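Hi,

Here is the structure I promised to pass on. Have a look at it first, and then read on for what turned up.

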Amino acid sequence: MNELDYLRKVWEENTIANTSQDAPVLKENISMLKKLKNFDHFQKLINILKIVIITILLSTFMISIKSLGVDSVEIYIGISIIFAGIISFMFFYLKNQFYSSKLDYTQSSTRFAKEAISLLKKQNNIFGLPFILFILSMIVGINVLFLGIPSEPQSVSPLFMHITVSSFMALSGLLGYRIRRWRIRKEIYPLIADLSQLENQE
């Protein structure tokens with residue numbers, strides 16, 4: 001049983017044994033695994049919260065649209081674009097996130113660290129082009145939807161509504177992007193730095 005295989009066994013049993021003073025590398029690996037596990041656990045909680053919030057927002061949105069009593073092709077097309085954008089992005093988002101279960105604990109420390117760094121960087125890329133396309137799909141979907149709503153039910157002009165909603169979606173996307181970049185700097189970059197040290201040990 002190699003070093004990381006032993007650590008995996010210790011981790012799965014949820015017990016971290018006192019490590020000998022003569023094994024500093026082993027102690028550092030245990031600390032690294034604990035950091036990755038805590039990061040993984042926190043992300044799963046965040047994902048659950050996001051799914052709950054999205055479900056509530058979509059339900060409220062659908063109820064609001066239905067309450068207008070308007071039925072048109074544009075509304076259905078707009079809703080389809082919105083749902084397709086959300087489902088596509090969430091699938092890509094969850095698929096490319098870092099999960100400790102994706103790691104191979106039977107590898108050497110160098111290969112393990114390299115693989116973990118690769119997975120973390122892959123997660124960082126989610127909030128690049130995929131996120132921009134997601135925001136654009138939301139803007140297009142909501143604007144197509146508003147095209148199907150007659151002027152009478154609206155309290156403001158259609159043009160003002162399009163501009164306002166598009167601006168709100170764009171600013172929300174920018175805010176979400178900046179928050180995500182802040183989390184990456186605070187949570188992921190330190191992990192990559194620690195893993196890089198472990199990668200260079202051998």
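Leaving aside its neighbours within four places in sequence, which residues is N124 in contact with? While you look for them, keep in mind that this is a predicted model.

Here is the answer: N124 touches R181, I184, I188, Y189 and I192, once its neighbours within four places in sequence are set aside. N124 itself is found in helix α4, and its relative accessibility is 10%, so N124 counts as buried.

Now for the chain as a whole. It has six helices and zero strands, so to read it from the N terminus you just go α-α-α-α-α-α. Of its 202 residues, 38% count as buried. If you take the contacts between residues at least 6 apart in sequence, 76% of them join residues at least 24 apart.

Back to α4 and its partner. Helix α4 covers residues 109-124 and helix α6 covers residues 158-199; their axes come within 9 Å and cross at roughly 165°. An angle over 145 degrees counts as roughly antiparallel, and α4 and α6 are therefore roughly antiparallel to each other. The crossing of α4 past α6 is left-handed. On the α4 side the contact is made by S109, T110, F112, A113, K114, A116, I117, L120, K121, Q123 and N124, and these meet R180, R181, I184, I188, Y189, L191, I192, L195, S196, L198 and E199 in α6. Sorted by class, that contact of α4 with α6 has twelve nonpolar, five polar and five charged residues.

There is another pair to look at, α3 with α5. The axes of helix α3 (residues 73-95) and helix α5 (residues 129-147) come within 7 Å and cross at roughly 165°. That makes α3 roughly antiparallel to α5, and the crossing of these two helices is left-handed. From α3, the residues involved are E74, I75, I77, G78, I79, I81, I82, G85, I86, F89 and F92; in α5 they meet P130, F131, F134, S137, M138, V140, G141, I142, V144, L145 and L147. By class, the contact of α3 with α5 has 17 nonpolar, four polar and one charged residues.

I looked at the lengths of these two helices as well. α3 has 23 residues and reaches 33 Å from its first C-alpha to its last, close to the 33 Å expected at 1.5 Å a residue. For α5, with 19 residues, the expected span at 1.5 Å a residue is 27 Å, and its end C-alpha atoms are 27 Å apart, which agrees.

As for burial, the buried residues in α3 are I75, G78, I79, I82, G85, I86, F89, M90 and Y93. Those of α5 are F131, F134, I135, S137, M138, I139, G141, I142, N143, V144, L145 and F146.

One last residue to click on is M138, which is found in helix α5. Is M138 buried or exposed? Its relative accessibility is 7%, so M138 counts as buried. Leaving aside its neighbours within four places in sequence, M138 is in contact with I81, I82, G85, I86 and M169. With M169, the separation is 31 residues in sequence, while the two C-alpha atoms are 7.4 Å apart in space.

Cheers

Key:
Residues numbered from 1 in each chain as written. Predicted model: local features only at pLDDT ≥ 70, side-chain atom pairs only at ≥ 80, totals over all residues. Heavy atoms only, no water. Axes fitted to C-alpha atoms, helices over the stretch in contact; angles between N-to-C directions. Helix = DSSP H or I, 4+ residues; strand = E, 2+ residues; numbered from the N terminus. Parallel < 35°, antiparallel > 145°, perpendicular 65-115°, else oblique. Left-handed = near helix turned anticlockwise from the far one by under 90°. Contact = heavy atoms within 4.5 Å. Nonpolar A, V, L, I, M, F, W, Y, C, P; charged D, E, K, R; others polar. Expected span 1.5 Å × (residues − 1). Buried < 20%, exposed > 50% of the residue type's maximum accessible area, 1.4 Å probe, protein only.
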